[in-house]
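Me: Can you walk me through this one? I'm new to reading folds.
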Amino acid sequence: MARLGTGSLMQLPQCTPQSTGGAQSTPGIRPGGIGDMLGEDLSLEAVYLHVPFCRHRCHYCDFYTLAGREDGMEAYVDRAVDEMRISSHRFAKPVSSIFFGGGTPTLLPPPLLTKLMDGVREYIPLDEDLEWTVEANPETVNDEVAQVLAEHGATRISLGAQSFDPSLLANLERRHDPDSVGRGVECLRNAGIRHFNIDLIYAIPGQTMQSWETDLKEVVLMNVEHISCYGLVYEHGTPLTRRRDRGLVVPIEEELEAAMHCTARNVLGREGMTQYEISNWSRPGLQCRHNLVYWRNGNWWPIGPGACGHVDGLRWKNVPRLSSYVDNSGFPAISAVEHLDDDGAVGEAFMLGLRLLEGMKYDHVEALLKRGTRGQVRLAALKRHVTGGLLEKTGGHIRLTRNGVIQADTVLVDLL
Ligand code: SF4
């Protein structure tokens with residue numbers, strides 16, 4: 001699956017907490033989980049459920065996921081449903097978004113996927129206008145899976161296409177037939193699913209501008225409402241990064257990567273899609289509600305091993321280990337917890353808020369600059385980037401310019 005960022009700094013995986021500094025963090029494993037650190041009736045907007053299974057591990061991926069562990073799926077589902085049961089009294093109001101990410105949620109056999117989705121409906125209060133996204137690997141979608149998703153409440157499917165060029169998929173060690181993306185969308189549409197995201201990756205070793213344009217044209221033909229385009233990141237410890245370090249893989253030039261981002265902006269813009277976040281385009285009013293909760297620093301509850309949550313400045317991560325997850329009961333042990341101090345919270349507010357192309361309200365920015373110890377430093381950085389053309393003030397907001405979007409890392413690191 002893909003990520004929420006474009007450049008080297010701004011990778012904010014859905015299941016990994018991102019420290020912005022200024023945090024009081026607790027390393028090591030905390031066996032009691034989050035249960036005794038938070039009260040009940042929390043103002044939660046969303047739930048992220050992590051399904052840690054994949055058919056094969058792609059070489060660029062650093063998410064917590066296991067290949068060849070079908071034997072653990074049933075115990076995982078039972079445990080996840082039990083985790084929902086014990087979490088149920090934490091919700092003060094219905095949530096507006098459920099997100100099944102991974103891993104590959106659609107790798108679960110239909111009866112287990114059904115059980116997991118029934119658990120959500122039984123234990124989590126759901127808004128009538130719920131967005132329920134399920135990530136899918138195209139090769140795992142068939143009529144039966146599509147039927148289960150549609151009948152049990154999924155409203156939106158996010159398909160990881162990444163590229164339509166078999167040689168580029170091979171460079172990523174990503175094993176799906178490019179034609180399976182179109183077949184998957186058709187299956188899902190026939191079952192009644194109406195909303196789709198498709199993920200693409202650019203700056204893949206060996207990729208040319210021509211092949212990137214072809215990928216964009218392919219995805220446009222599918223007429224979906226939401227497209228995510230992520231620049232490839234060489235994550236620490238992945239096979240792809242090791243191959244790069246041994247000289248077996250040559251990253252493409254930064255200038256070409258930036259040009260690919262601009263091409264996405266031009267091609268998708270011509271199709272009537274609006275870039276509303278550094279890596280995300282949608283048709284009007286059809287942004288990903290779940291990711292907006294992340295970028296607006298909202299509160300969400302995590303379920304499953306490796307999942308992360310956030311409530312009012314407290315961030316935590318469930319231990320990413322299936323065996324300990326299924327062998328224990330109660331709230332899962334957590335491997336990291338952090339509570340941001342003022343400086344950390346301000347840095348995070350800039351890091352998340354400026355990712356959205358609408359920017360941040362200037363009165364909010366002014367309030368942030370009064371908090372913490374780095375207000376003057378941040379104010380100077382804001383002025384410098386406005387003068388340098390990477391930020392602009394417009395309509396009561398401060399936001400990244402078109403050039404600023406390409407160089408977002410440069411801006412955001414100065415505001416942490
Ligand atoms: S399918 Fe997605 S989550 Fe699974 S290994 Fe590949 S990139 Fe990672």
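Me: Which way do strand 5 and strand 6 pair, parallel or antiparallel?
Reply: Parallel. Strand 5 (residues 95-102) and strand 6 (residues 126-136) are joined over five bridges. Keep in mind that this is a predicted model.

Me: What is the bridge partner of Phe-100 in strand 6?
Reply: Val-134 is the partner of Phe-100.

Me: And what does helix 2 make with those strands?
Reply: A right-handed β-α-β unit. It is made of strand 5, helix 2 (residues 110-123) and strand 6.

Me: How many bridges join strand 6 to strand 7?
Reply: Four. Strand 7 covers residues 156-162, and strands 6 and 7 run parallel. One bridge pair is Glu-135 with Ser-158, the latter in strand 7.

Me: New topic. How is the chain divided into domains?
Reply: Into domain 1 (8-339) and domain 2 (341-413). Their C-alpha centres lie 27 Å apart.

Me: What about strands 16, 17 and 18? In which order do they form a sheet?
Reply: The order is 16-18-17. The sheet is open, and the pairing is antiparallel.

Me: Which are the edge strands?
Reply: Strand 16 (360-361) and strand 17 (391-394). Each pairs on one side only.

Me: How many bridges join strand 17 to strand 18?
Reply: Four, and these strands run antiparallel. Strand 18 spans residues 397-400. Among the bridge pairs is Thr-394 with His-397 of strand 18.

Me: Last one. Where does helix 13 lie?
Reply: Across strand 17 and strand 18. Helix 13 (residues 375-387) runs at about 90° to strand 17.

Key. Residues are numbered from 1 along each chain as its sequence is written. This is a predicted model: local features need pLDDT of at least 70, side-chain atom pairs count only at pLDDT 80 or more; totals for chains, interfaces and linings use all residues. Two strands pair if DSSP finds at least two bridges between them. Helices (H or I, at least four residues) and strands (E, at least two) are DSSP runs, numbered from the N terminus. Two residues are in contact if their C-beta atoms, placed from the backbone, lie within 7 Å. Axes are lines fitted to C-alpha atoms, for helices over the stretch in contact, and angles run from 0 to 180 degrees between N-to-C directions. Domain bounds come from an automatic or database domain assignment. A crossover is right-handed if, with the strands pointing away from the viewer, the path from the first strand over the helix to the second runs clockwise.
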